[in-house]
Amino acid sequence: MLNFPLWKQILTWAVVVGGLLLAVPNAYYARVEAHNDAAKAVEEAGFATTEQQAALDLWPDWMPSGIVNLGLDLRGGAHLLAEVQLEDVYKQRMDGWWPQVRDALRGVRDQVGSVRRQPAPLSYELRVQIENEAGMAAAVEAVRALGSSVVTLTGVGQTDIDVTAEGNVLIVRLSEPERTALDERTIQQSLEIIRTRVDAAGTREPTIQRQGADRILIQVPGIGSAGELKALIGTTAKLTFNPVVRRGTSEDRTPGAGNVSLPSMDEEGVWYTVEELPVVSGEDLTNAKGDFDQNGRPAVAFQFDVRGARAFGDYTAQNIGAPFAIVLDGKVISAPVIQSHIPGGSGIITGNFTVEEANRLAVLLSAGALPASMTFLEERTIGPELGQDSIDAGRVATLVAAGAVSLLMIASYGLFGIFAVVALAINMGLIFGVMSLIGGTLTLPGIAGLVLTIGMAVDANVLIYERIRDELRAGAKTAARAIELGFERALSAIVDANVTTLITAAVLFFLGAGPIRGFAVTLAIGIVTSVFTAVNVTRLIVTYWYNRRKPKTLVV
Amino acid sequence: MAWRFKLAPDNTKIDFFRWQWLTFGGSLFLSVVAIVAWAVMGLNYGIDFKGGTTIRTESSVPVDVGDYREALQGLPLGDVSITEVFDPNFTDDQHVTMIRIAAEDEEQAVTPEQIAQVEEVLRAAIDPGMTFPSVETVGPKVSGELVYTSVLALAVTSVAIMVYMWLRFEWQFGVGAVLALLHDVIITIGIFAVFQIKFDLTIVAALLTILGYSINDTVVVFDRLRENLQKYKQMPLREVMNLSVNETLARTLMTALTTLIAVGAMLIFGGDVLRGFSLAIFLGVLFGTYSSVYVAKNIVLIIGLDRTEKAKKGGTPDEFANIDA
């Protein structure tokens, strides 16, 4: 009699049945995917259309519906690695400090004399030259009083600015904790805005992740190209409404204090000189959507919040007949003349838009402007056909590998070889089951990991079988004893060999990026499931077979 | 006894040290050659490590690399290399090339405008119906970091394996195993250098996988060695080693063969995108099998093992018998 404790039998059965059940949806990938998409849409909307109901019916609710995600290299899509230019925000912040610092120094004018801003080598630095070096102490004190305290984890008593002096130059710097807090806020805002923009474009399952201190990884399956994605998320989309000073045909080199000269977006060679300080800006918008003007041309309709509506209403009431410019990212979209007082805080922007451009602008405006510009370190576009080719090739390779390995195992170990092949098949199912359960992503190298697992998974079986042969040769008392010893004594080699492979998978996971991570995940799952199937499942099968047949002699 | 396919006869008594000067010496020699090739010829780094752009083109017109080169001649691009891609999965009218454009200088990657230009020029000169199934750009900043991360990954894995081996066996085993691993990886890199096969991030993943496979193989031999050292306390170390390798030979060959079959299927049918990756693993498994028989234990023998302390560390196989049996 071969012994295998009942509780282990039950546990093995439970894992196998549960794992295979979880793997089943992957065999009906398209149907389950349609079902899941519909289920998600229905949950959001609260009701189901007939179309959605039809999709829901494609897959029974009581079945598990988790499927393995396909990586970008298999599904096709675009991948961007963006670096947020944190210095932009520092610079804006220092520009914001300058008027305050100037006013504060004006208060101690009798001691410091006149002041002048100087160019600063660091982006988070403001340098001010003062006339009387003797008054520096007073100047430092006056400016220091402007700082407010920052709350950090490390302690209290830190302020947002550091004020120091170098000869007759006063230096104001953003303090270390303030910069850290600012960085954090900038990245979080950027992530949020990118997410809104990508979601509004309506693609499925985009990945938007922070990487390291100042990077954002964006992966969007199904989008045409990285360029398209870049146009969507790379635009700062800073919208302002500025009073127009004059219109010209070339850049105004001397716009005057507080004014800037900006080119027109559509009219070639037309420049507008506008007041730098906007009346209202995109931050005051609550809503924007694609629309049409009275003549049926595509336009963007917008709605201001209370503050924006009041400022806009007051300005239009006072400036009837004067033009004002609608400026997007440093270019004038249009400069209409104010016809009447606009009290309601809503309006439309017209320009030479196509419907798509108007819709995109609306998405950008309602998501808000990015706090800082981004540079792109990595751009990848993978066409859907290439992904499909890879899946097909991977499928062929998997089948060929599985077939050839199975033949070899059966030729080498006979009936026990068949047991190993059954365990291998269950192992493949379990890998997909676990991947579906944890929402893992299958990538092209991941498929390679799967194929590699086929080759290496039988190793544990080989170790056990060779050990049983050894024990038979060494003269084990009974066949049952040889089997038991074989399983027991092979275990230390199996554990040691697989833990070391697990170590490499872990390193690959933590240091690798994207597709390589997918490889590490399949490899690691494959190692765990293959040890389980080789040790437990094979043991279960061998036990059932042995106890039924009760062979006198054992041939492995 | 029923018929069985056998890679090794049942009771082999091969002296694996007999031709040591040839096997171990040969390994040393090959490792040195590989390092020299690596140093002299350099590796054919992909954009992951060098920065730049690769464009995959697909057209129904047969490829003449010269035509492609001529078409791109006039454009203000950095170093351009064009290779035709072959794969048994391609249909007859599927002609694929990979165009690699090096980043122009240390700062700037290839711009989207330049890529658009390349696509336009190729469509005009070769085939208006040409498609571009993948376009990838990596900036020099990222590629520098990737080199660093890759080297770090190989180092961390080696150290982690050495520590684990030290915990489970003796430190000599750890050193022997890791040197054998480096041997496998170095020779594989050498082959990539000699044949100038594209070396990118997936190849690094393959090298790490080789570490994983090869250690697996070595561990099985060492595990048996540990067991036999307990059993035959008086037998000279060299003979215990020979015995252990002979006893595990059938398994070593069998596992190598199943793995090679699987990776071979990947190499032939798995598509061209993963070819380099599969090739690296294939070579690594070959050398890994060789090194666990001919390299790892020789290093342990050279370092020497203090057998009086043997009883303290590691353990009998029965130590594990109760965990999950």
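Helix α14 of chain A (residues 479-511) has 33 residues, which at 1.5 Å a residue should span 48 Å, and its end C-alpha atoms are indeed 48 Å apart. The expected span of a helix is taken as 1.5 Å times one less than its number of residues. Helices (H or I, at least four residues) and strands (E, at least two) are DSSP runs, numbered from the N terminus. The model is predicted: local features need pLDDT of at least 70 and side-chain atom pairs count only at pLDDT 80 or more, while totals for chains, interfaces and linings use all residues. Residues are numbered from 1 along each chain as its sequence is written, and chains are lettered from A and ligands numbered from 1 in the order in which they are written.

**Helix α14(A) and the interface**

α14(A) has a kink of about 35°, centred on A:L491; the bend at a residue is the angle between axes fitted to the seven residues ending there and the seven starting there. Of its 33 residues, 24 are buried, so α14(A) is largely enclosed by the rest of the structure. Here a residue is buried if 20 or more other C-beta atoms lie within 10 Å of its own, exposed if 12 or fewer, and partly exposed in between, with C-beta atoms placed from the backbone.

Between the chains, 62 residues of chain A are in contact with 64 residues of chain B, contact being defined as C-beta atoms, placed from the backbone, within 7 Å. On the chain A side, β20 (374-382), α12 (384-437), α13 (444-473), α14 (479-511) and α15 (514-549) each supply at least two residues. The greatest contribution comes from α14(A), with 18 residues. By class, this side of chain A holds 38 nonpolar, 13 polar and 11 charged residues. Ala, Val, Leu, Ile, Met, Phe, Trp, Tyr, Cys and Pro count as nonpolar, Asp, Glu, Lys and Arg as charged, and the others, Gly among them, as polar.

**Strand pairing within and between chains**

Strand β20(A) also takes part in pairing across the interface: it is joined to strand β5 (residues 131-138) of chain B by 5 bridges, in an antiparallel arrangement. Two strands pair if DSSP finds at least two bridges between them. Within chain A, β20(A) is joined to β2(A), and β2(A) pairs in turn with β10 (residues 215-221) of chain A.

| Strand pair | Sense | Bridges |
|---|---|---|
| β20(A) and β5(B) | antiparallel | 5 bridges |
| β2(A) and β20(A) | antiparallel | 8 bridges |
| β2(A) and β10(A) | antiparallel | 7 bridges |

In these pairings, A:E379 stands opposite B:T137 in β5(B), A:V84 stands opposite A:M374 in β20(A), and A:H79 stands opposite A:Q219 in β10(A).

In strand β2 (residues 77-84) of chain A, 8 of the 8 residues are buried, so the strand is largely enclosed by the rest of the structure. In a regular strand the side chains alternate between the two faces of the sheet. Both faces of β2(A) are covered, with A:G77, A:H79, A:L81 and A:E83 buried on one side and A:A78, A:L80, A:A82 and A:V84 buried on the other.

**Helix α15(A) and the segment after it**

A:V535 is found in helix α15 of chain A and is buried, with 23 other C-beta atoms within 10 Å. Its C-alpha atom is separated by 9.3 Å from that of A:A423, although the two residues are 112 residues apart along the chain. In the segment after α15 of chain A lies A:K550, which is exposed, with 11 other C-beta atoms within 10 Å. Phi of A:K550 is near 45°, a positive value in a residue other than glycine.

**Domains of chain A**

The domain assignment of chain A, from an automatic or database source, gives domain 1 (6-28 + 66-72 + 385-549), domain 2 (88-177) and domain 3 (235-379). The centres of domain 2 and domain 3 of chain A, taken over C-alpha atoms, are separated by 34 Å.

**Chain B**

Chain B comprises 11 helices and 6 strands, and its C-alpha trace spans about 80 × 50 × 40 Å along its principal axes. Buried residues make up 46% of its 325 residues. Among contacts in chain B between residues at least 6 apart in sequence, 80% join residues at least 24 apart.

Its domain assignment gives domain 1 (20-44 + 143-311) and domain 2 (52-138), whose C-alpha centres lie 38 Å apart. Between them, 4 residues of domain 1 are in contact with 5 residues of domain 2.

Helix α9 (residues 275-294) of chain B has 20 residues and reaches 28 Å from its first C-alpha to its last, close to the 28 Å expected. α9(B) is mostly covered, with 17 of its 20 residues buried. By contrast, B:Q196, in the loop between α6 (171-194) and β6 (198-199) of chain B, counts as exposed, with 11 C-beta neighbours inside 10 Å.

Note on methods: Two residues are in contact if their C-beta atoms, placed from the backbone, lie within 7 Å.
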